[in-house]
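Let's take a walk through this protein and its ligand. Keep the viewer open and follow along as we go.

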Amino acid sequence: MANSTNNFDIAVIGAGPGGSFAAKASAEMGYKTLLIDKEQIRESGRYKACGGAIAWELVEEINYPEDKIARVIESLELHHVDGEDFSKKGKGAVIWRSTFDKFLTDIAIESGAILKEKEMLIYIEKNNDIYRIRTKNENYNAKYVIAADGVTSPTLKLLKWPYFEKENLILTITKEMKTTNSYINKILGSDTVHLFFGIKNLIQIGYAWLFPKAETITVGWGNQINLVKNSRIEFDKFVSLPFVKTALKDSNLEIFKPHLIPVGLRPKLYEDNVFAVGDAGGIVDPISGKGIPYAMMSGQFAIEAINTGEKRDKPDKLGTFYEKSLDRKFLKILKAKRVARDRIFQNDESLKKFLSLWEKYRSSQIVMGKMI
Ligand SMILES: Cc1cc2nc3c(=O)[nH]c(=O)nc-3n(C[C@H](O)[C@H](O)[C@H](O)COP(=O)(O)OP(=O)(O)OC[C@H]3O[C@@H](n4cnc5c(N)ncnc54)[C@H](O)[C@@H]3O)c2cc1C
């Protein structure tokens, strides 16, 4: 099947963290692997709205070069808008997504995946057990498809998979504000990210943030989409908080970008040799919105499921293999967090209880230990 130039074993649509990690795993296992993205994957490539916060464990695991890190973080300040503050220690990094995504895509290419960039998927259908994939430039064939093309996943839309419930989508606004390194260090601290919560006065289900990079502050706001009345007014309400106003004093707007975060799973994650990974599947922490490591792991698990299914000659069990490894590693916890999230954000009292517990424990410990 995978002989002619445009025939592949596995086609991965989307070269974000989920797609690149899937393509790496796939090529390493010897599958002829296609990796398609509609954008050009460059360090100074298209801007992706993201806080860019990752745990130090991930930096170490992928050997992410320190010179590509925008800022090393040692603590998380959790502000409630009524003035109560909480503080959480923990090492992490803030990265620019174009740099990070390029790093992962390069690894996939080095592993043997064939990257086709600036190729937008426009059509996909199954014909004689093979997926026919059409981009603006070319036609490809593949036995398996990894949908890693983000929250709106054109792949899954074209295949008519069901979309997310409104309660499982967070509308975000991100602004990149240029300032100086010394001002960031003075006002926000040299190694601190800031999160802002407050149901009555700010956001019902979600939070806002100031993530410092080298000379830029990423200003973000996110609220459950069906609770948003006017996103710009709500975002401005956050930006006019005294602390935020001071932090952004004399800074210049460089980028403005709205984007969605899925915080609950898509109704299905697998069907007929197609896997939904990362944001396409809604595989994101429902409380924090952290999605990068889950996208990477789900990409890898999808490929492992294909491999296990082929080795054991169980083609009808691919979905089960995939969901079992997701569950074992983290999905059970994310599902429990999705339930806990509504409890945490139901009023300021339970929100503050969560923030005070979060100072000392991981959110997974709080939720799985039923502390809230
Ligand atoms: C405002 C905001 C802040 C966030 N902050 C953090 C954070 O601090 N830490 C964290 O861990 N997570 C964060 N996240 C979540 C994180 O960004 C996502 O979970 C992560 O990007 C998911 O990776 P992915 O590979 O699944 O999808 P994506 O990164 O969305 O990649 C999808 C890829 O598919 C490509 N594509 C789309 N359509 C097509 C098409 N038709 N044809 C070909 N290619 C296509 C896109 O160009 C893109 O490269 C944040 C998200 C948002 C919106």
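A residue counts as buried when its relative accessible area is under 20%, as exposed when that value is over 50%, and as partly exposed in between. Hold on to that cut-off, and remember that what you're looking at is a predicted model. Pro293 makes a handy test case: its relative accessibility is 18%, so it goes into the buried class. You'll find Pro293 in helix H8. For a sense of scale, pick Phe243 as well, 50 residues away along the chain from Pro293; the two C-alpha atoms are separated by 31 Å.

Now zoom out to the overall layout. The domain assignment splits the protein chain into domain 1 (7-44 + 99-164 + 265-343) and domain 2 (53-95 + 166-262). Taken over C-alpha atoms, the centres of domain 1 and domain 2 are 28 Å apart. The two do touch each other: 22 residues of domain 1 are in contact with 20 residues of domain 2.

So where does the ligand sit relative to domain 1 and domain 2? Both domains give residues to the shell around the ligand, so the ligand lies between them. That shell has 36 residues, and Gly18, Asp37, Lys48, Arg97 and Asp279 come nearest. Sorted by class, the shell has 14 nonpolar, 12 polar and 10 charged residues. Several elements each supply at least two residues of the shell: helix H1 (17-28), strand S10 (169-178), strand S12 (206-212), strand S14 (252-262) and helix H8 (292-311). H8, the helix we started with, gives the most, with 3 residues.

Next, look at some of the polar atoms around the ligand. The side chain of Arg97 has an N or O atom 2.9 Å from an oxygen atom of the ligand. At Pro17, a polar backbone atom is 3.3 Å from a ligand oxygen. Over at Gly291, a polar backbone atom is 3.0 Å from a nitrogen atom of the ligand. How much of the ligand's 1,000 Å² does the protein bury? The ligand exposes that area when taken alone, and the protein buries 94% of it.

With the ligand covered, let's visit a few individual residues. Thr99 lies in helix H3 (residues 97-111). Its relative accessibility is 12%, so Thr99 counts as buried. Leaving aside neighbours within four places in sequence, Thr99 is in contact with Glu43, Tyr64 and Lys68. Another threonine, Thr216, is in strand S13. Thr216 is buried because its relative accessible area is 5%. Not counting residues up to four places away in sequence, Thr216 touches Trp96, Glu176, Met177, Lys178, Ile184 and Phe211.

Just past strand S13 (216-224) comes a loop that leads to helix H6 (231-239), and Ile225 is found there. Is Ile225 buried or partly exposed? At 27% relative accessibility, it counts as partly exposed. With residues up to four places away in sequence left out, Ile225 touches Lys166, Leu169, Ile170, Leu171 and Leu260. Its C-alpha is 14 Å from that of Ala208, and the two residues are 17 apart in sequence.

Pro65 is another loop residue, placed between helix H2 (56-61) and strand S4 (69-80). Its relative accessibility is 26%, so Pro65 counts as partly exposed. From Pro65 to Phe100 there are 35 residues in sequence and 9.8 Å in space, C-alpha to C-alpha.

Finally, check the backbone angles. Most residues other than glycine have a negative phi. Asp250 isn't a glycine, yet its phi is positive, about 65°. Asp250 is found in the loop between helix H7 (242-247) and S14. With a relative accessible area of 68%, Asp250 is exposed. Asn273 also has a positive phi, near 70°. This one lies in the loop between strand S15 (270-271) and strand S16 (274-276). Is Asn273 buried or exposed? Its relative accessible area is 13%, so Asn273 is buried.

Methods
Residues numbered from 1 in each chain as written. Predicted model: local features only at pLDDT ≥ 70, side-chain atom pairs only at ≥ 80, totals over all residues. Heavy atoms only, no water. Helix = DSSP H or I, 4+ residues; strand = E, 2+ residues; numbered from the N terminus. Buried < 20%, exposed > 50% of the residue type's maximum accessible area, 1.4 Å probe, protein only. Contact = heavy atoms within 4.5 Å. Near = heavy atom within 4 Å. Polar contact = N/O pair within 3.5 Å; in protein donor to acceptor, adjacent residues only side chain to side chain. Areas by Shrake-Rupley, 256 points an atom, 1.4 Å probe, with all protein chains shown as cover. Nonpolar A, V, L, I, M, F, W, Y, C, P; charged D, E, K, R; others polar. Domains from an automatic or database assignment.
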